[in-house]
Amino acid sequence: MERRFVLACLAGAVALSACGHLDSKSLAASPKTIQVDAKVSISRDSSGKLLFKYDAPYADADGNFDFAEGEAGKSSVTLSFTIVDDSGLGLRFRRDGRDAIWIVEKALLANSGSTSPAGPYEGKQFRDFRVSADGKTLTVFDENSDGVLYRYALRFDMGSEVIAHDPDVGNGNGGGHGG
């Protein structure tokens, strides 16, 4: 019995010494993730054309985001779009999160003859697409680590009609694999 105890203690000591290189200084810190909330207002002009206005950090009023600078440039981004005013039009994000926002590298559009994404995102930078139960908020996670300029299209249901609006997202190089 005493021999087993000594062998168990030796085995434990060997295991602990083998893991000694895993001190707190050598463990990489998890990449930082910031929350960016975008308020989307939608109205019609006198000709009936839909107008989209965005109120969000890192974005202009047209919804073009720049996540390459400042705190966002060093972080992954959880981006939430919320319809705060639809002027009574009844717009809601498409139910399926991947169908509520289509994303494509903008450089790929140059060769396609199109200015808008043609379908749901296929890649690793964006994930966790979710639409709230009331259809007013869309959330997506952006790794923000590749430095690529993306074109996105927010997609809404307005009765039986599908409406899309397609500004740009400029990614930085500072995110990572957070989330």
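Two strands count as paired if DSSP finds at least two bridges between them. In this predicted model, strand 5 (residues 92–93) and strand 9 run antiparallel and are joined by 2 bridges, so the pairing meets that definition. One contact to look for is arginine 92, whose bridge partner in strand 9 is aspartate 157.

Strand 9 is a useful place to stay for a while. This strand spans residues 149–158, and 8 of its 10 residues are buried, which leaves it mostly covered. Strand 6 (residues 101–105) also pairs with strand 9, in the antiparallel sense and over 5 bridges; here tryptophan 102 has alanine 153 as its bridge partner. Strand 10 (residues 161–165) runs antiparallel to strand 9 as well, joined to it by 5 bridges. Within that pairing, arginine 155 is matched with alanine 164 in strand 10. Strands 9 and 10 form a hairpin with 2 residues between them, and glycine 159 in the turn has a positive phi of about 65°.

The side chains of this region add a further set of contacts. The whole structure holds 9 salt bridges. In one of them, aspartate 99 meets arginine 94 at 3.1 Å, N to O, and both residues are buried. Arginine 94 also forms a salt bridge with aspartate 157, with the closest N and O atoms 2.7 Å apart. This second pair links distant parts of the chain, since aspartate 157 lies in strand 9 and arginine 94 in the loop between strand 5 and helix 2 (97–100), 63 residues apart. Aspartate 157 counts as partly exposed because its relative accessibility is 21%, and buried means under 20%. Arg94, Asp99, Arg155 and Asp157 are linked in a network of salt bridges.

Another salt bridge joins aspartate 166 to arginine 151, the closest N and O atoms being 4.0 Å apart. Aspartate 166 sits in the loop between strand 10 and strand 11 (168–171), whereas arginine 151 belongs to strand 9, 15 residues apart. Arginine 151 counts as buried because its relative accessibility is 13%.

A separate part of the description concerns an open sheet of 5 strands, with the order 2-1-4-8-7 and mixed pairing. Strand 2 (50–55) and strand 7 (126–131) stand at the edges; each has a single partner strand, so one side of each is left without a neighbour in the sheet. On average, neighbouring strands of this sheet are turned by 20° against each other, direction ignored. Strand 1 (residues 33–44) and strand 4 (residues 76–85) pair in the parallel sense over 9 bridges. In that pairing, aspartate 37 has serine 80 of strand 4 as its bridge partner.

Key. Residues numbered from 1 in each chain as written. Predicted model: local features only at pLDDT ≥ 70, side-chain atom pairs only at ≥ 80, totals over all residues. Heavy atoms only, no water. Helix = DSSP H or I, 4+ residues; strand = E, 2+ residues; numbered from the N terminus. Axes fitted to C-alpha atoms, helices over the stretch in contact; angles between N-to-C directions. Buried < 20%, exposed > 50% of the residue type's maximum accessible area, 1.4 Å probe, protein only. Salt bridge = Lys/Arg side-chain N within 4 Å of Asp/Glu carboxyl O.
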